[in-house]
Amino acid sequence: MKRAASALEAALSRLDAAQLRRARTTVERCAASDGHALTVAGGRELIDFSSNDYLGLARHPALAEAMSACAGRSGAGSGAAHLVTGHGTEHARLEEELAAFTGRERALLFSTGYMANLAVMDALAGRGERVLLDRLCHASLIDGARLSGATLKRYGHADADSAACLLAADPRHTALIATDGVFSMDGDLAPLPALARAARAQDAWLVVDDAHGLGVLGAGGRGVLEHFGLGADQVPVLVGTLGKAFGSFGAFVAGAAELIEFLIQKARTYIYTTALPQPVAAATRTALALAQKETWRRERVAALVARFRAAARAAGVPLSPSTTPIQPVVLGSPAAALAAQRALQEAGLWVVAMRPPTVPAGSARLRVTLSAAHTEAQVDALVEQLERASARARSA
Ligand code: PMP
C-alpha cells in the first residue's frame, strides 16, 4: 500500500460497510465489590460479561498491594531484557512457582501470551518442516507458525483424526502439532489425549496453549491437562497466560529443563525485549497462591456456568457445547451480533460482539464470559436479555 490517506480511508470505509470496523470503549472506573461492575464513558455503569477474569482476581486488593509493595522496592520498570540486567528475584521466584504448579522442570516468563506462542513456534519449527494447527486456534499460534518458515497445515476443529491423517501424510517432516487447550472464541476443549498419542507416535512436539484453561479447569486449577489427566510426557510444551484467570499480565512456557534452556538461547521474543516489570510478577505470585488456595473461586464460576446454561437452554437462547466460562451465543451476521451488543448495553450489560476475522464468516457472536465475581442475579438478568436479543436476531 502506498502512503496515501485516501487508501486508508477507503479501507476503513469498506470495514464500515461490512459492519466489521472495531471500536474501543474507554473504561473510566472499575468496581470489584459489586459483582464485576464497571463504569464506561459517560458515567454509565455496566456489568462486564466479556473479560477473561474468570476467577475474579484482576481487581483483588492483594494483587494491587503486592504490585505496589514491589514497585516501592524495585521500581516500576525492569530496565533491560532478562539476559541483560532485567531478570529479578520476583521473576525467578514466579518461574519456580509456575514450574511447581504445572509439574514441569522449569518455566520461562514472557511479556505476553502472544510472544510466548511466537517463541515456541519459531524456535521448534523451521523451513523444510511442517506444523499442524487446529482450524480455530489462536492467531498467535498461526503467526508463530508463519514466522518459523515451516509449512502450515490446518486440521479440522477439535478433530484428532484429521490431525492424525495430516501427520501420517508426512510424519518425517512434521515438527509439531499446536492447539489451544480451551478455544478462546468457542470455549470447547481440544481432544488432547488423542492428539498426544498421534504426536508421541511420530516424535512430533505437542504445544498446548492453555490460556483459558489454567486456573479454571481441574480440581487444582492446573487446566486442561489436569482435566484430561495428562502429564509432561504427553504434552511436552505448555503455554500459559497470566492476564486471564490469574488476573495479572504476562505468560509462560513450562517444560523440560533442556526445552527452557533452548528457548532462552533461541526465542527472539524472549531475548530481544524488555523484561516484564517485577511488580507485575509480584502480583502474579499472589494470584497464583490465591488461585490454588481459594478453590471456591473455581467452584463458583463452574456453578454460574451451570446456572447460565440451564436458564439459557430453558429460554431458547442458542447455546454452544462449551462447559467452560466461555459461553458464546452465535447469532450469524455481524449486524445481528452488533445489534444484540447494543440491546444488552441498553440493559446495563457489557457483552462484546465478536466478528470475522476473529471468528469464521457467518458465525458472529456474543462472546459471553462468566466470572466468580458475578452474582446469580446478574447471570439471570443476562439470560433474560439474551432471550430477547436472540429472538430479535431470529426474526430479523
Ligand atoms: N492464546 C490464547 C488462546 C488467547 O486467547 C490469547 C489472548 N486472547 C493469547 C494466547 C494471547 O495472550 P496475551 O493476551 O497474554 O498476549
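How many bridges join strand β5 to strand β6, and do the two run parallel or antiparallel? I started my notes on this predicted model with that pair, then worked outwards.

1. **The β5/β6 pair.** Strand β5 (residues 130-134) is joined to strand β6 (residues 151-155) by five bridges, and the two run parallel. If you want a spot to click on, take Arg130, which stands opposite Thr151 in β6. To get from β5 to β6 the chain passes through helix α6 (residues 139-148), and this β-α-β crossover is right-handed.

2. **Overall build.** Zooming out, the protein chain has 15 helices and 14 strands. Along the principal axes, its C-alpha atoms fill a box of roughly 55 × 55 × 50 Å. The radius of gyration is 21 Å, which agrees with the value near 21 Å that a compact globule of 396 residues would have.

3. **Two domains.** The domain assignment splits the chain into domain 1, made of 25-55 + 295-395, and domain 2, which covers 61-293. So that you can picture the layout: the C-alpha centres of domain 1 and domain 2 are 27 Å apart.

4. **Where the domains touch.** Contacts between the two involve 19 residues of domain 1 and 13 residues of domain 2. On the domain 1 side, the elements that give two or more residues are α13 (295-315) and β11 (326-332). By class, that side of domain 1 has nine nonpolar, six polar and four charged residues.

5. **The ligand shell.** Which residues are closest to the ligand? They are Thr112, Gly113, Tyr114, Ser184 and Ala211, out of 14 residues that surround the ligand. Helix α5 (residues 113-124) supplies the largest share of this shell, with three residues. Sorted by class, the shell has nine polar, three nonpolar and two charged residues.

6. **A four-stranded sheet.** There is an open sheet of four strands with mixed pairing, in the order β1-β2-β3-β12. Its edge strands are β1 and β12 (349-350), each of which pairs on one side only. Strands of a sheet pair through backbone hydrogen bonds, either parallel or antiparallel.

7. **Pairing around β3.** Strand β2 (residues 37-40) is joined to β3 by four bridges, and this pair runs antiparallel. Strand β3 (residues 44-48) pairs with β12 in the parallel sense, over two bridges. Ile47 is a handy residue to follow here: Ala37 stands opposite Ile47 in β3, and the bridge partner of Ile47 in β12 is Leu349. The hairpin of β2 and β3 has three residues between the strands, and Gly42 takes a positive phi near 85° in that hairpin.

8. **Backbone oddities.** Most residues other than glycine have a negative phi, and most peptide bonds are trans. Two places are worth a look with that in mind. Gln19 is not a glycine, yet has a positive phi of about 60°; this residue is found in the loop between α1 (5-17) and β1 (27-31). The peptide bond from Pro356 to Pro357 is cis, with omega near 5°, and Pro357 is found in the loop between β13 (353-354) and β14 (364-369).

Definitions and conventions. Residues numbered from 1 in each chain as written. Predicted model: local features only at pLDDT ≥ 70, side-chain atom pairs only at ≥ 80, totals over all residues. Near = placed C-beta within 6 Å. Nonpolar A, V, L, I, M, F, W, Y, C, P; charged D, E, K, R; others polar. Domains from an automatic or database assignment. Contact = placed C-beta atoms within 7 Å. Pairing = 2+ DSSP bridges. Right-handed = clockwise from strand over helix to strand, strands pointing away. Rg over C-alpha atoms; globule rule 2.2 N^0.38 Å.
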